[in-house]
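Welcome, and thanks for taking a look at this protein. Here is a friendly tour for someone meeting the structure for the first time.

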Amino acid sequence: MKTECIGDSVIMNGKTYPCTVSLAMDLIGGKWKTVILYHLKTDPKRYSELLKEMQTVTEMTLSLQLKKLEQDGLISRKVYGKKPPVKVIYSLTDFGKTLIPTLEAITAWGNLISEEKGTFINHSKI
């Protein structure tokens, strides 16, 4: 029997999901979560670095998604210093690092689709 079919539903962190795919998509679905995780895949980053790398995300959206990813245990937030301006670094947790093969597969698929059906644009030359 497939793992996703063992029971009628899955419970994690007090939330019930109809299947394992639903649980996974709650953790990484949406427009920005996977992109944030991709940018944290190799190195920890500050909020401002993430904002710069993800040029079209708003500050509010980035802040909300970072909080959600932290609540779900996929990233950690480490604060350095006690007085403003404090230094805050975001990084993947061990749980978050289990997504790296999936992130690499999504990236490879995105590259393939972009090369076959898309057009790359360099905004600095427009």
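The briefing below goes from the overall layout to the sheet, the helix contacts, a pocket and some backbone details.

This is a predicted model. The protein has six helices and five strands, and along the sequence these follow the pattern β-β-α-α-β-α-α-β-β-α-α. Its C-alpha trace spans about 50 × 50 × 25 Å along the principal axes.

**The sheet**

- A good place to begin is the open sheet, where three strands are arranged in the order E3-E5-E4 with antiparallel pairing.
- Strand E3 (45-46) and strand E4 (75-80) are the edge strands, each pairing on one side only.
- Between E3 and E5, the antiparallel pairing rests on two bridges. Here Lys45 stands opposite Tyr90 in E5.
- Between E4 and E5, the antiparallel pairing runs over six bridges. Lys78 is found opposite Ile89 in E5.
- E4 and E5 also form a hairpin, with six residues between the strands.
- Helix H2 lies across E3, E4 and E5, and its direction makes an angle of about 100° with E5.

**Helix H2 and its helix neighbours**

Two packed helices are described by the angle between their axes and the distance between the axes. With that in mind, here are three contacts that involve H2.

- *H1 with H2.* The axes of helix H1 (residues 20-28) and H2 come within 7 Å and cross at roughly 70°. The two helices are therefore roughly perpendicular to each other. On the H1 side the contact uses Asp26, Leu27 and Ile28, which meet Lys33, Thr34 and Leu37 of H2. By class, this contact has three nonpolar, one polar and two charged residues.
- *H2 with H4.* The axes of these helices come within 10 Å, crossing at roughly 75°. That crossing makes H2 roughly perpendicular to H4. Lys33, Ile36 and Leu37 of H2 meet Leu62, Gln65, Leu66, Lys68 and Leu69 of H4. The contact divides into five nonpolar, one polar and two charged residues.
- *H2 with H6.* Helix H2 (residues 33-40) and helix H6 (residues 100-117) have axes that come within 10 Å and cross at roughly 110°. H2 and H6 are therefore roughly perpendicular to each other. H2 contributes Thr34, Leu37 and Tyr38 to this contact, and H6 contributes Leu103, Ile106 and Thr107. Four of the contact residues are nonpolar and two are polar, with no charged residue.
- Leu37 of H2 is worth finding in the viewer: this residue takes part in the contact with H1, in the contact with H4 and in the contact with H6.

**The second largest pocket**

Rolling a probe the size of a water molecule over the atoms shows where empty space is left.

- The second largest pocket has a volume of about 200 Å³.
- Its lining is made up of Arg46, Tyr47, Ser48, Ser63, Leu66, Lys67, Glu70, Arg77, Val86, Val88 and Tyr90.
- Which elements each supply at least two residues of this lining? They are helix H3 (47-53), helix H4 (59-71) and strand E5 (87-92).
- H4 gives the largest share of the lining, with four residues.
- By class, the lining has five nonpolar, two polar and four charged residues.
- Two lining residues also appear elsewhere in this briefing: Leu66 belongs to the contact of H4 with H2, and Tyr90 is opposite Lys45 in the sheet.

**Backbone details in the loops**

Most residues other than glycine have a negative phi, and most peptide bonds are trans. Against that background, these spots are worth a look.

- Asn13 is not a glycine, yet it has a positive phi of about 50°. Asn13 is placed in the loop between strand E1 (10-12) and strand E2 (15-17).
- Gly81, in the hairpin of E4 and E5, takes a positive phi near 100°.
- Pro84 and Pro85 are joined by a cis peptide bond, with omega at about 0°. Pro85 is located in the loop between E4 and E5.

Conventions: Residues are numbered from 1 along each chain as its sequence is written. This is a predicted model: local features need pLDDT of at least 70, side-chain atom pairs count only at pLDDT 80 or more; totals for chains, interfaces and linings use all residues. Side-chain values use heavy atoms; hydrogens and water are left out. On a 1 Å grid over the protein atoms alone, a cavity is a set of points where a 1.4 Å probe fits but cannot get out, and a pocket is an open set with protein on both sides within 12 Å along at least five of seven lines; lining residues have an atom within 4 Å of a point. Grid points are joined across faces, edges and corners, and a volume is the space filled by probe spheres set on the points. Ala, Val, Leu, Ile, Met, Phe, Trp, Tyr, Cys and Pro count as nonpolar, Asp, Glu, Lys and Arg as charged, and the others, Gly among them, as polar. Axes are lines fitted to C-alpha atoms, for helices over the stretch in contact, and angles run from 0 to 180 degrees between N-to-C directions. Angles under 35 degrees count as roughly parallel, over 145 as roughly antiparallel, 65 to 115 as roughly perpendicular and the rest as oblique. Contact means heavy atoms within 4.5 Å. Two strands pair if DSSP finds at least two bridges between them.
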